[in-house]
Amino acid sequence: MFDRLSSFVIALTMVAIAAIFAALSGGDPLSIAIMAVAGLVAAATVYGALPATTPEPQGTAPPAAENAPASLLRHPDFAHWVDQEKEPLLGTADNIVTIANDAAVRLLGRHIVGADVRTAIRHPAATEWLSRMQGGAALETVNLIDFPRPGQRWTMRVAALSGSEYIIFLSDRSAIDAADRMRSDFVANASHELRTPLAAILGYVETLQEMNGDTDAPTRDRFLSIIEREARRMQQLVIDLLSISRVEADRFRRPTTTVDLAAIVRTTIAQLSDSEPVRAKDVVEQLGDTAQPMLGDAAQLSQLAHNIISNAMKYGHAGTPVTVELVREGRRIRLSVSDIGDGIAPDHLPRLTERFYRVDEARSRSVGGTGLGLAIVKHIGERHQGQLDIDSEVGRGTRVSVTFPCVAES
């Protein structure tokens, strides 16, 4: 189909051709004029009858106006990415949750999809924060204290999309807060533990200075013995602090040297017998006659054995056996130390490996404990892929065991 202009040009051309043929055929001028006028009228009629634009073929949609931007929340690739995110993530449109990944469903429940986001995240700070999203206010990271349970902390952030769509990110900061509290507690406890013996040392030194040599020998000797005891206690505390610091620095480096755990334990028992002659005869060795090879740090394993055995010697009743045993259990070797003493109540057992935790603080200090021994044992055991178990019964005694993987036999 031709448009108006094309039809008019064709009609004029045909009239001109007709007029030329009429003139060549000897027609009179009147006939030629009438034919030309008729052709012009026909051309005008054709021009007026044709539509201004060529109609679109049937079934073809008219050209649409500029399309609105597609929703990111409904894009299949976005849904695929959301499912791979480890932390909770929500997508909202007009404050309604339209998409939630598995982590968000586990945290908030399956009912959140299709619900108002301000009721899905039930926290006063979150509700206030989310209510301002439509107002265009600048939104910053907000802390959700005691969310979703007391003692936990999460943070919430928002990313604005087109229109009224948003992406909400939730991040768990509970572990970071716990680590910060642990660090603060450690500094406070270490300061307290160092300050106590230091105050005693300074107090007795000042007393001796004020006496100007007038004090009798027994009093002076008693003061000096107290000063020595507190100084040694402070020295041991510094040694343990340095030890736990070194162990933590090496905790991600697996030992690669093969050592004999049985030989290490025998050497440790001999050293303790020299330093603790009173209880040396109470130690009962059940180590066997064969070597027990494993990958380990000899110095750290010696310290682990020293801490466990010395604790049993300190807190077990005098004159009762302290049994040190090495037992092969398949592809693992178990070191266990048992004593007969007052035992430990069940509610204390989960906290025994905390730094500076003591069941009986007065008794621990009287026997020279720093509260770091089992914390060091725990960290050394973790570095050597060991498992620490503590079993105790009040009035009967305590058994501490550490199980290590053995070197595979060739």
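Two strands are taken as paired if DSSP finds at least two bridges between them, and this criterion underlies the strand pairings described in the legends below, which refer to a predicted model.

**View 1. Strands S1 and S5 within an open sheet of five strands.** Strand S1, residues 89–93, and strand S5, residues 165–172, run antiparallel and are joined by five bridges; within this pairing, Thr 92 has Tyr 166 of S5 as its bridge partner. The sheet to which these strands belong is open, follows the order S2-S1-S5-S4-S3 and is paired in antiparallel fashion. Because strand S2 (96–100) and strand S3 (142–145) stand at the edges with a single partner strand each, one side of each is left without a neighbour in the sheet. On average, and with direction ignored, neighbouring strands of this sheet are turned by 30 degrees against each other.

**View 2. Packing of helix H8 against helix H13.** Helix H8, residues 217–249, packs against H13 at an angle of about 20 degrees, and the two axes lie 9 Å apart. Since angles under 35 degrees count as roughly parallel, H8 is described as roughly parallel to H13. The crossing in which H8 passes H13 is left-handed. On the H8 side the contact is made by Asp 240, Ser 243, Ile 244, Val 247 and Glu 248, while H13 contributes Ala 375, Ile 376, His 379 and Ile 380.

**View 3. The surroundings of Arg 383 in helix H13.** Arg 383 belongs to helix H13, which spans residues 373–383. With a relative accessible area of 7%, Arg 383 counts as buried, because the cut-off for that class is under 20%. The side chain of Arg 383 forms a polar contact of 3.3 Å with the side chain of Asp 297. When residues up to four places away in sequence are not counted, Arg 383 touches Asp 250, Arg 251, Arg 253, Arg 254, Pro 255, Asp 297 and Gln 300.

**View 4. Strand S12 and its antiparallel pairings with S10 and S11.** Strand S12, residues 397–405, has seven of its nine residues buried, so it is largely enclosed by the rest of the structure. Strand S10 (residues 332–339) runs antiparallel to S12 and is joined to it by eight bridges, with Ile 333 standing opposite Phe 404 in S12. Strand S11 (residues 387–393) is likewise antiparallel to S12, through seven bridges, and here Ser 392 stands opposite Thr 398 in S12. The hairpin of S11 and S12 has three residues between the strands, and in this hairpin Gly 395 takes a positive phi near 85 degrees.

Conventions: Residues are numbered from 1 along each chain as its sequence is written. This is a predicted model: local features need pLDDT of at least 70, side-chain atom pairs count only at pLDDT 80 or more; totals for chains, interfaces and linings use all residues. Side-chain values use heavy atoms; hydrogens and water are left out. Helices (H or I, at least four residues) and strands (E, at least two) are DSSP runs, numbered from the N terminus. Axes are lines fitted to C-alpha atoms, for helices over the stretch in contact, and angles run from 0 to 180 degrees between N-to-C directions. Buried means under 20% relative accessible area, exposed over 50%, partly exposed in between (1.4 Å probe, protein chains only). A polar contact is a pair of N or O atoms within 3.5 Å; within protein, one must be able to donate a hydrogen and the other to accept it, and residues adjacent in sequence count only if both atoms are side-chain atoms. Contact means heavy atoms within 4.5 Å. Angles under 35 degrees count as roughly parallel, over 145 as roughly antiparallel, 65 to 115 as roughly perpendicular and the rest as oblique. A crossing is left-handed if the near helix is turned anticlockwise from the far one by less than a right angle, and right-handed if clockwise.
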